[in-house]
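Reader: I am new to this structure and would like to go through it piece by piece. Could you show it to me before I start asking?

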Amino acid sequence: MIDHDVIRQTLSTALRTGGDFAEIFVEDKVSSNALFDDGKVENLSSGRDRGAGIRVIVGETTGFAHTADLSVAGLAEAAGAAGAAALSGGGGVQEIAFTRQPAPRPNEIEILPEEVAKARKVELLRRANDAARGAGGSITQVTARYGDSRRRILVANSDGLLTEDDQVRTLFTVMAVASGDTGMQTGYQSMGRTIGFELFDRFDVEDLAREAAERALLKLAARPAPSGTMPVVMGPGGGGVLFHEACGHGLEADLVAKGASVFAGRVGERVADPRITLVDDGTMAEEWGALAIDDEGSLGSRNVLIEDGILTDYMWDLLRSRKEGRPRSGNGRRQSYKHLPMVRMTNTYVLAGPDDPAQIVADTPSGVYVAHLGGGQVNTATGDFVFGMTEAYLIEDGKITEPIREGNLIGNGPAVLSTIDAVGHDFAMGSPGMCGKDGQGVPVGDGIPTMRVPALTIGGTA
């Protein structure tokens, strides 16, 4: 992407003011998007964003500058600005010898989306629209989206690291609206992988669209959610976002260092039921959060955060690992070259357990079965959360019965971890998502097996 002599020169310039560490992150990202709404193409766009971010660290201080000018002069100016921001004074020239570090990809790309004609992408949207509307006359609106990106990155630093990655992601989503006596109800379904256009050889957009439409139609016949504290069984995949938000963020080393995590200072302690093992895994082939290297050049890795209920470690980026003398865990990520990296999750999930999923439901006389959770709010300092249920059912006499709507799950992440009393031997990843933190969004995945929380508050309407 950039000549190695230029990189070496840029880092030397960045260190000229006396920096302890300098890093250059170069990004070249192309993307395309298409939106099909209400029977017609509303948007068809593509773009390219290319530039470099330069970081200089002096003690506890970080200087950062970014530029879209990748010329020698442009990089030198940004490097000088980053160095000056980190420290004034010092001096000297530092020679840097690079060691190229290969990064094995989690999976190979078969069909680059940028080589596929836009007409084929639009045709997928039309097929999805027709399939969703064909699910029933009550479907009154369908919105389908297609998106792909190819992000080539290079990371080099004054420790001699030089590494690169080529990240491809392809995404398809459908939202269907059904109208009836209960008003308008929405169903949503998506699929996304770190693969190319071959995604559509493996998944059928019409099946995806029908699932979204049937979810909306189901809500038309659903009864209002009950209120109160009761057992909650979460289905495989659908509740992973709860563990990402209510537990995963609290295990990010930067929030731990700020005292903004309920898990701070608890490594080695029991924080969950012994059935619970929580993992963050950037090596999970094809999953939405998979990566060969993070945005600081560390290899993607599989990190066990909670093992058999015991807190074993946090997730680390370069800053926090340097300060604490810990190895980096492949969790230093950034939205683009315009942003500083910070600790972020990749694919976060709970491992399958010993229990029969059908028996978990059968052993629950009454309660709620959550097939899919939606968005929510979490206080990482306390672990308190509220999540909306986008697809849920009553459990009556040990059987899943009527669908319910307009309900929320209200609870506390550590409390949920400690009280889970059944973990199924099934497992599924949930929908691809974007995790927002300090104004930056990065792609992440999550997953769980079937599991039961014996007492959780439902904020319903009945």
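Reader: Thanks. To start somewhere, in which strand is Gln-189 found?
Author: This is a predicted model, and in it Gln-189 is found in strand 7, which covers residues 183-193.

Reader: Is Gln-189 buried or exposed there?
Author: Gln-189 is buried, because its relative accessible area is 8% and the cut-off for buried is under 20%.

Reader: And what is Gln-189 in contact with, leaving aside its neighbours within four places in sequence?
Author: With those neighbours left aside, Gln-189 is in contact with Phe-172, Thr-173, Val-174, Leu-208, Glu-211, Ala-212, Arg-215 and Ser-431. For one of these, Thr-173, there is also a distance: Thr-173 and Gln-189 are 16 residues apart in sequence, and their C-alpha atoms are 5.9 Å apart in space.

Reader: Let me move to another strand, then. Where is the place of Val-304, and how is it covered: buried, partly exposed or exposed?
Author: Val-304 lies in strand 11, residues 302-307, and with a relative accessible area of 25% it is partly exposed.

Reader: Which residues does Val-304 touch, again without its neighbours within four places in sequence?
Author: Val-304 is in contact with Thr-277, Leu-278, Val-279, Thr-312 and Asp-313. As for Asp-280, which is 24 residues away from Val-304 along the chain, the two C-alpha atoms are separated by 6.5 Å.

Reader: Now the helices. At what angle do helix 1 and helix 2 pack?
Author: Helix 1 (residues 4-15) and helix 2 (residues 72-86) pack at about 30°, and their axes are 7 Å apart. The two helices are therefore roughly parallel to each other, since angles under 35 degrees count that way, and their crossing is right-handed.

Reader: Which residues meet there?
Author: On the side of helix 1 they are Val-6, Gln-9, Thr-10, Thr-13 and Ala-14, and these meet Val-72, Leu-75, Ala-76, Ala-79, Gly-80 and Gly-83 in helix 2. Sorted by kind, the residues of this contact are six nonpolar, five polar and no charged.

Reader: What about helix 3 and helix 5, and at roughly what angle do they cross?
Author: Helix 3 (residues 118-133) and helix 5 (residues 205-220) cross at roughly 40°, with axes that come within 8 Å. Helix 3 and helix 5 are therefore oblique to each other, and helix 3 passes helix 5 in a right-handed crossing. Helix 3 contributes Leu-124, Arg-127, Ala-128, Ala-131 and Ala-132 to the contact, while helix 5 contributes Val-205, Glu-206, Ala-209, Arg-210 and Ala-213.

Reader: How many of those contact residues are nonpolar, polar or charged?
Author: In the contact of helix 3 with helix 5, seven are nonpolar, no residue is polar and three are charged.

Reader: One more helix: how many residues of helix 6 are buried?
Author: Helix 6, residues 240-248, is mostly covered, with eight of its nine residues buried. The buried ones are Gly-240, Val-241, Leu-242, Phe-243, His-244, Ala-246, Cys-247 and Gly-248.

Reader: Since a cysteine has come up, how many disulfides does the structure hold?
Author: The structure holds zero disulfides.

Reader: Why is there no bond between Cys-247 and Cys-435?
Author: The closest cysteine sulfur to that of Cys-247 is in Cys-435, and at 14 Å it is too far for a bond, because a disulfide needs the sulfur atoms within 2.5 Å.

Reader: Are those two cysteines buried or exposed?
Author: Cys-247 is buried, with a relative accessible area of 0%, and Cys-435 is buried too, with a relative accessible area of 3%.

Notes. Residues numbered from 1 in each chain as written. Predicted model: local features only at pLDDT ≥ 70, side-chain atom pairs only at ≥ 80, totals over all residues. Heavy atoms only, no water. Axes fitted to C-alpha atoms, helices over the stretch in contact; angles between N-to-C directions. Helix = DSSP H or I, 4+ residues; strand = E, 2+ residues; numbered from the N terminus. Parallel < 35°, antiparallel > 145°, perpendicular 65-115°, else oblique. Left-handed = near helix turned anticlockwise from the far one by under 90°. Contact = heavy atoms within 4.5 Å. Nonpolar A, V, L, I, M, F, W, Y, C, P; charged D, E, K, R; others polar. Buried < 20%, exposed > 50% of the residue type's maximum accessible area, 1.4 Å probe, protein only.
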